[in-house]
Amino acid sequence: MADPDIKIKIYSDSQDLVAVNSALKQLELKGFQISILFPAEFAIEQNEIIILQVENFESRILKQAISVKHEYDNKFIIIMRNGEALNVTSVLKHGFYDIFIFPYELLKFTAYLTEVFTNKTYITESFKAGTFGMNKQGIRSIIGESEGLIRVVDLAKKVSEKSNANIIILGETGTGKGLFARAIHNSGKASNNPFIDIVCTAIPENLLESELFGYEQGAFTDARTRKIGLFELAERGTLFLDEIGDLSMNIQTKLLRAIEKKVIKRLGGVTDIPINARIISATNKNLEVMVNQNIFRRDLYHRLNVISIELPPLRERGNDIIILANHFISEFNKQFGRNIKKLDKDIQHFLKGYPWPGNVRELRNAIERAVLLCENGKIQLKDFSNLISNVKIETLSEDKVTDIKQLHIINMNINYGSTNLKKLETHYAKEVLSKLGGNKTQTAKLLGISRPKLDSLLK
């Protein structure tokens with residue numbers, strides 16, 4: 001079964017849609033299946049991405065979106081041609097955090113959508129039941145009963161409700177550091193103020209400084225307008241710095257000054273601008289080791305590490321794996337209109353025996369795939385064929401071990417006298433596609449080719 005189309009609705013104050021169309025065409029060339037609509041009337045359906053291209057805060061379509069946003073959990077993306085500070089901050093105060101200034105942030109817009117499409121985060125994180133089953137109520141709705149999780153949840157509750165101290169969240173990739181940071185924000189006194197996040201590795205170093213601190217018009221060749229930095233946008237709210245361990249020493253020094261003095265200077269600016277935002281940072285690296293190796297500033301580390309919260313990996317959370325899996329089944333039943341029953345004992349043993357290197361993010365993706373592929377309303381082992389090679393098969397019964405070994409085998413009964421390499425490629429591609437339940441996106445990824453290339457092989 002092929003992945004469903006990514007559904008996008010675009011509303012615009014102007015007829016000039018060349019830039020946004022160009023960005024989406026580039027993503028289609030990467031193999032994403034995108035369905036784009038330009039409706040005349042403002043209407044929202046489930047699982048659509050809503051893109052609003054607005055001229056200013058008085059935009060008619062922006063006002064319509066503001067009036068209904070609280071009713072929907074869709075992802076809203078704002079494109080503005082005027083980066084004037086008042087417009088940006090006004091939009092932020094109404095809960096629209098994904099804002100891009102065109103044409104200057106066109107590449108950033110394309111990179112952001114690539115991440116959204118790849119991770120299938122079509123629902124706004126402040127509303128969706130995500131990595132922890134967290135919604136806009138914050139920490140109190142985190143799902144899990146394991147001792148390790150309860151310990152960090154209790155600590156996070158105390159920090160969010162009684163303090164505005166800086167926090168560093170540690171944990172492996174996929175444990176939910178970003179969603180946990182948002183949960184802390186949502187549970188605190190600043191929950192009605194902006195939550196601004198940035199992945200430090202997603203932006204080149206020469207651009208990261210301007211993202212964090214902003215710049216004045218004329219600060220450099222392409223600085224045609226003033227840009228408000230993320231520190232200013234997070235005023236009285238939370239600035240979340242993900243993958244903090246990858247910052248260069250130059251950015252570390254400037255970040256330290258901002259935290260110590262509580263002021264920033266925009267690039268090209270001459271005046272200090274006061275800032276007032278809690279900083280939550282996250283990393284999967286060992287910062288103490290990096291400090292001892294002199295590749296992370298000790299003084300910055302102590303400024304960020306007022307409170308340290310370490311999230312347990314999924315493999316150490318025991319029965320939380322099953323609790324989360326059943327939660328995700330319910331979520332995707334609603335999303336895809338399915339009626340999948342809860343997991344039987346063999347599947348539970350399988351999930352508990354799998355090492356989950358991608359942690360809860362990997363579990364969520366695996367359950368989504370299984371819900372899409374399963375037949376007769378029941379998830380079976382074959383629906384996890386992409387995970388099976390890494391599972392500890394001793395946790396399963398003997399007949400299930402046999403099933404697992406067969407799932408990753410392709411028998412190539414081919415007559416070499418009548419089969420050339422092109423026919424062999426086509427045959428192999430079809431067999432892999434069959435093993436993956438007809439999922440062309442995953443087949444192309446496994447074969448190391450693009451979707452268009454796969455389609456041409458299958459003709």
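I began with Glu232, which counts as buried because its relative accessibility is 16%, and buried here means under 20%. I keep in mind throughout these entries that the model is a predicted one.

Next I looked up where Glu232 sits, and found this residue in helix 8, which covers residues 230-233. Which residues does Glu232 touch, leaving aside those up to four places away in sequence? I noted Phe213, Ile264, Arg266 and Ile273 as its contacts.

I then turned to strand 6, which spans residues 167-170 and runs parallel to strand 13, residues 278-283, with four bridges joining the two. Within this pairing I found Leu170 standing opposite Thr283 of strand 13.

Strand 6 also pairs with strand 14, residues 307-310, and here I again recorded the parallel sense and four bridges. For Ile169 I looked up the bridge partner in strand 14, and that partner is Ile309. As a general reminder to myself, side chains in a regular strand alternate between the two faces of the sheet.

My last entries concern the surface, where Met412, Leu421, Leu424, Tyr428 and Leu446 make a nonpolar patch of about 480 Å². Which helix gives the most to the nonpolar patch? I found that helix 16, residues 421-435, does so, with three residues.

Leu424 is one of the residues of this patch, and I placed Leu424 in helix 16. I entered Leu424 as partly exposed because its relative accessibility is 32%, and partly exposed covers the range between the under 20% of buried residues and the over 50% of exposed ones.

Technical notes: Residues numbered from 1 in each chain as written. Predicted model: local features only at pLDDT ≥ 70, side-chain atom pairs only at ≥ 80, totals over all residues. Heavy atoms only, no water. Pairing = 2+ DSSP bridges. Buried < 20%, exposed > 50% of the residue type's maximum accessible area, 1.4 Å probe, protein only. Contact = heavy atoms within 4.5 Å. Patch = residues over 30% accessible without salt bridge, like charges linked within 9 Å, V, L, I, M, F, W, Y side chains within 5 Å. Areas by Shrake-Rupley, 256 points an atom, 1.4 Å probe, with all protein chains shown as cover. Salt bridge = Lys/Arg side-chain N within 4 Å of Asp/Glu carboxyl O.
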